[in-house]
Amino acid sequence: MSILPIAIAVFLCVTLAGFLLVRSSTVFWGRYQNTFTEQARFNLADLFMFMDPRNLFRLNVAAIVVAPLLLWLFTGNPLLAAMALVLILILPKKIYRWMRQRRINQIQQQLPDGLMMIAGSMRAGLGFAPSLESLARDVEPPLAQEFALVLREQRMGVKMEEALAHFNERVPVADVTLFVSAVNISREVGGNLAETMASLADTLRRRLIMENKVKSLTAQGRLQGIVMALMPVGIMAFLTFAYPQTMTAMYHTPLGWAVIGVAAVMEYLGYRMCRKIMSIDI
């Protein structure tokens with residue numbers, strides 16, 4: 001029996017499988033690139049950061065390819081390379097959430113003083129919109145950027161109520177909700193909006209003082225959670241450098257990988273539990 005037909009059949013099957021693999025990889029890569037760039041463009045616009053998302057995609061691809069390979073070459077441990085790959089994949093979302101929360105916290109810190117400036121401008125005879133223009137011109141970002149966007153939307157034909165609602169959607173915190181509700185109620189039923197802004201500013205300032213006191217009192221507990229979460233990692237790193245032969249089974253056997261996985265899950269749950277205990281809503 002001639003093996004030529006069998007060889008031809010195997011060759012065709014391998015070629016077809018390779019073609020399908022390359023095609024599916026190309027489609028997946030294109031979808032990943034489009035998703036990453038669109039999400040990056042949206043996130044950067046949300047943070048008022050304007051840069052080319054394609055550069056971020058190239059940097060992300062370089063990190064995904066280079067960092068795990070270098071870690072694998074220097075350590076010879078595929079598990080560490082896989083962990084680095086997973087970390088790099090989830091890191092952009094974590095960075096965005098941290099930057100967004102940091103921006104929201106800055107807006108909360110600036111809002112009481114901004115409302116006092118609005119109240120002072122209205123007491124001096126200006127209307128609500130001119131007071132917002134003065135605030136957007138005089139205060140520092142990010143609060144100035146948000147109010148400037150509110151005014152820009154109003155000039156484009158959006159109602160003030162809708163523009164303020166969009167501001168509340170971008171900054172979904174109770175302080176901004178109270179501000180938007182106070183402005184809408186005052187514009188609908190009337191009243192002294194300047195006094196309302198001054199009273200609201202005093203209330204928000206007192207609330208910030210209380211929140212800062214709570215953060216100071218719970219700082220030790222949060223630090224303990226971080227220390228307890230990093231202590232096993234530090235011990236593991238020390239043992240790896242001090243006794244590499246003893247720790248070899250931990251990194252190169254399925255049982256060791258399972259132990260590392262269970263330890264990582266327990267570490268994460270313990271850290272989240274400590275954060276939950278120390279989180280007190282005002």
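**Helix packing and hollow spaces around α3**

Colleague: I'm new to this one, so let's begin with a crossing: in which hand does α3 pass α4?

Modeller: Keep in mind that this is a predicted model. Where α3 passes α4, the crossing is right-handed. The two helices pack at about 135°, their axes 9 Å apart. So for the hand of that crossing, the word is right-handed.

Colleague: And how are α3 and α4 set to each other, going by that angle?

Modeller: Their packing angle is about 135°. Roughly antiparallel needs an angle over 145, and roughly perpendicular covers 65 to 115. The angle fits neither, so α3 and α4 are oblique.

Colleague: Which residues of α4 (128-138) make the contact with α3?

Modeller: On the α3 side you'll find Gly114, Met117, Ile118, Ser121 and Met122. Sorted by class, the contact has six nonpolar, four polar and one charged residue. From α4 come Phe128, Ser131, Leu132, Ser134, Leu135 and Asp138.

Colleague: Moving on to α2 and α3, how do they lie to each other?

Modeller: They pack at an angle of about 160°, with 8 Å between their axes. Angles over 145 count as roughly antiparallel. That is why α2 and α3 are roughly antiparallel.

Colleague: What classes of residue make up the contact of α2 with α3?

Modeller: The α2 side includes Ala63, Ile64, Leu71 and Trp72, and these and others meet an α3 set that includes Leu80, Leu85, Ile88 and Pro92. The polar ones can be picked out from the full list: Asn60 and Thr75, both in α2. By class, that gives 14 nonpolar, two polar and no charged residues.

Colleague: α3 also packs on α8 (residues 193-217); which hand does that crossing have?

Modeller: Here the axes come within 8 Å and cross at roughly 160°. An angle like that is over 145, so α3 and α8 are roughly antiparallel. While the crossing of α2 and α3 is right-handed, the crossing of α3 and α8 is left-handed.

Colleague: How many charged residues does the contact of α3 with α8 have?

Modeller: α3 brings Asp113 and Arg123 among others, and α8 brings Glu195 and Arg205 among others. The contact also has 15 nonpolar and three polar residues. The charged ones come to four.

Colleague: Now for the hollow spaces: which helix gives the most to the lining of the second largest pocket?

Modeller: That pocket has a volume of about 770 Å³, and 23 residues line it. The elements that give two or more of them are α1 (4-46), α2 (53-75) and α3 (78-123). With nine residues, the top contributor is α3.

Colleague: Which residues lie nearest the centre of that pocket?

Modeller: The lining as a whole has 17 nonpolar, four polar and two charged residues. Pro92 is also part of the contact of α3 with α2, and it's one of the names you're after. The residues nearest the centre are Phe36, Ala40, Asn43, Pro92 and Lys93.

Colleague: What is the volume of the largest cavity?

Modeller: Searching the whole structure for cavities of 30 Å³ or more turns up one. Its lining includes Asp46, Arg100, Arg103, Glu146 and Arg170, along with Leu47, Ile104, Ile107 and Val171. By class that makes four nonpolar, no polar and five charged residues, and α3 gives the most, with four. The volume is about 50 Å³.

Colleague: One last thing: which two residues does the cis peptide bond join?

Modeller: Look in the loop between α4 (128-138) and α5 (143-155), where Pro142 sits. The omega of the bond is about 10°. The residues joined are Pro141 and Pro142.

How values were computed. Residues numbered from 1 in each chain as written. Predicted model: local features only at pLDDT ≥ 70, side-chain atom pairs only at ≥ 80, totals over all residues. Heavy atoms only, no water. 1 Å grid on protein atoms, 1.4 Å probe; cavity = no way out; pocket = protein on both sides within 12 Å on 5 of 7 lines; lining within 4 Å. Points joined across faces, edges and corners; volume = space filled by probe spheres on them. Axes fitted to C-alpha atoms, helices over the stretch in contact; angles between N-to-C directions. Parallel < 35°, antiparallel > 145°, perpendicular 65-115°, else oblique. Left-handed = near helix turned anticlockwise from the far one by under 90°. Contact = heavy atoms within 4.5 Å.
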